[in-house]
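This report introduces selected parts of one structure to a reader who has not met it before. Please keep the sequence and the model at hand while reading.

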Amino acid sequence: MAGKKQVGRGSGNTPLNTFLSLIPLSALLAWLVFTASGAPLSDFAGYFFGSKLILAGDYASAYDTYSLNLMISGEGFKNVFVSYTPFTPFTSVVFSPFLVFENPFFSKTIFNLTGALLFIISVYRLSRYTGSRAWISLLLPVIFFTPLKNNIAFGQAYLLLFFLLAEGFLAFEKKNNLAGGLYWGAAILFKVFPALLVFHLLLKKQYRSALWLGCATTALWIATIPFTGWEPWRHYLGLLPRLNAGELNDSFTYMFQSFYMLVKNLFVYDRLLNPAPLATMDLMFIFLVIAFKGIIFGVATGFSLGKNTTAVAAIAGWIMAAMLLSPNGSNYSLVLLVFAFLSIPQIKPRKTWLTASLLLLLAICNLPVQSFAALPHLLRYPRLYLFLLLFAVFAIALRTRFNRYAAFAVIFLLALQAWLTNRKDKDRSGYLLLKEKHILITDLFASGNRLAYSWWSGSGAGTETTDFPAPVKPLEIQDNQVMLNGKKITSGGDLKKSAFLLDEQTVIYLSDKNRGIGFYTIRMMQVPD
């Protein structure tokens with residue numbers, strides 16, 4: 001597959017030593033699973049209850065944040081606030097074995113145990129493949145302590161994703177294209193972004209492996225249809241462009257620590273979510289994002305084509321590239337950097353790059369980014385800057401050649417897409433509220449002679465009365481657009497509901513424009529002439 005195969009049977013790297021070196025990691029994961037057994041359901045509630053709804057045929061409730069949380073609350077679980085929107089329908093199939101347990105806390109424990117065990121197995125097998133010395137593996141629970149802790153505490157699925165990616169890689173290295181295709185196909189259907197690895201196979205002229213991957217992914221997808229149906233997939237694919245624009249619960253959050261969010265906060269104005277950007281320059285935002293993606297892709301292409309890049313280092317480079325390209329970041333996803341961790345000892349000159357890279361990994365994985373919230377905006381992204389530095393160190397150490405042709409191709413295609421899709425915004429609506437007290441408004445109604453709304457948060461539901469007069473007439477919504485006198489008066493792909501004529505001149509409705517999908521607020525517009 002990629003570069004040189006490193007089997008590594010050097011002094012001190014026996015199977016027994018590798019096994020013994022993973023005892024601290026195993027002990028840490030066992031302790032984390034035990035302590036998390038009585039912890040809140042956290043993110044696992046979204047996986048568990050959302051998957052139940054998908055498999056029961058109610059995908060609309062699963063992908064509607066309010067309906068999902070209302071269902072969870074109705075089951076007696078309080079202080080839960082989750083969303084199923086980021087997850088593909090394939091997720092429900094992955095979680096189906098864990099749904100046989102009626103108690104979600106017990107299910108979470110079994111899921112964590114399964115993920116931890118599979119993670120340890122793959123780390124062992126990947127360590128044997130790379131020939132990593134035993135002392136390197138001893139550092140793994142130290143460097144990756146926080147991502148491992150958060151995966152287990154939140155009931156996240158990145159340990160399982162690591163297993164799929166690692167086992168797929170090892171299968172392809174052994175020319176077992178069927179197994180490799182199934183592992184990576186499952187990873188793609190599960191989290192989407194591993195699809196970037198297809199470029200690696202094509203660049204290495206592993207056309208047969210790429211074909212097997214395409215066929216396996218398609219076969220796995222078809223196999224899920226009897227369980228999920230087609231409609232959830234159609235709905236999810238419709239949401240995917242917005243997910244790729246970082247529209248989760250907060251579409252301007254610095255917590256994602258992504259380049260996309262950095263420049264969005266710098267150059268995109270939003271009266272409620274980003275009222276004070278450095279400058280309101282939407283074109284600058286688009287230009288910088290496109291240029292950044294081209295540069296990252298050009299470097300990643302160099303990993304695959306580099307003569308000094310080992311197989312696992314090339315995969316590690318592409319995984320880092322995929323994480324940098326994503327607008328959405330998380331601490332628990334950083335366990336995927338174990339690929340880079342295990343490939344670092346192969347880089348020469350070993351001592352210099354080993355020390356620098358390990359220190360960078362330690363900081364990236366354990367830096368509390370929330371502590372930077374009060375700093376000026378440019379200083380709120382320490383993990384992003386350290387991640388970019390690690391990516392650069394990795395590329396320099398491997399003497400990676402930047403592929404300008406790949407970079408220019410990506411920039412050209414993305415610029416063409418932006419030109420075709422980012423037409424002049426015809427939406428004439430704006431926010432009704434001057435300040436936002438709640439991130440999810442669920443309905444509009446009259447309270448006496450005033451407009452009121454209901455809301456939902458992690459603590460439950462509530463209502464709020466505004467200073468605006470009560471609406472005078474409900475309006476119909478067709479094809480996700482507000483209708484007035486038989487005509488559509490809104491446009492755009494934002495989700496809309498609860499539309500009213502506030503007075504003779506003003507229309508109000510709930511919309512999730514420029515927000516997390518399904519996280520509604522009140523928008524208003526003047527009645528068209």
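## An enclosed helix

Helix H15, spanning residues 259-267, has 9 of its 9 residues buried, so the rest of the structure largely encloses this helix. The model is a predicted one, and the values given here are to be read in that light.

The buried residues of H15 include the aromatic residues Phe 259, Tyr 260 and Phe 267. Lys 264 and Asn 265 are also among the buried residues of the helix, as are Met 261, Leu 262, Val 263 and Leu 266. Which helices help to cover the buried residues of H15? The cover includes H16 and helix H20, the latter comprising residues 382-397.

## Two loop residues

Helix H16 runs over residues 282-305, and the loop between H16 and helix H17 (311-325) contains Thr 309. Is Thr 309 buried or exposed? Its relative accessible area is 0%, and Thr 309 is therefore buried, the cut-off being under 20%. A polar atom of the Thr 309 side chain lies 3.5 Å from the backbone oxygen of Phe 303.

Lys 205 also occupies a loop, in this case between helix H12 (197-203) and helix H13 (207-228). Lys 205 has a relative accessible area of 61% and is therefore exposed, since the cut-off for that class is over 50%. Along the chain, Lys 205 and Trp 230 are 25 residues apart, and their C-alpha atoms are separated by 34 Å.

## Strand E3 and its partners

Strand E3 covers residues 450-457, and 7 of its 8 residues are buried, so this strand is largely enclosed by the rest of the structure. E3 pairs with strand E2 (residues 441-447) in the antiparallel sense, over 6 bridges. It also pairs with strand E4 (residues 460-469), again in the antiparallel sense, over 7 bridges.

Individual bridges can be located in both pairings. Between E2 and E3, Ala 446 has Leu 451 as its bridge partner. Between E3 and E4, Arg 450 is bridged to Pro 469.

## The connecting hairpins

How many residues lie between the strands in the hairpin of E2 and E3? There are 2, and Gly 448 in this hairpin takes a positive phi near 65 degrees. The connection from E3 to E4 is a hairpin as well, with 2 residues joining the strands.

Key: Residues numbered from 1 in each chain as written. Predicted model: local features only at pLDDT ≥ 70, side-chain atom pairs only at ≥ 80, totals over all residues. Heavy atoms only, no water. Helix = DSSP H or I, 4+ residues; strand = E, 2+ residues; numbered from the N terminus. Buried < 20%, exposed > 50% of the residue type's maximum accessible area, 1.4 Å probe, protein only. Polar contact = N/O pair within 3.5 Å; in protein donor to acceptor, adjacent residues only side chain to side chain. Pairing = 2+ DSSP bridges. Contact = heavy atoms within 4.5 Å.
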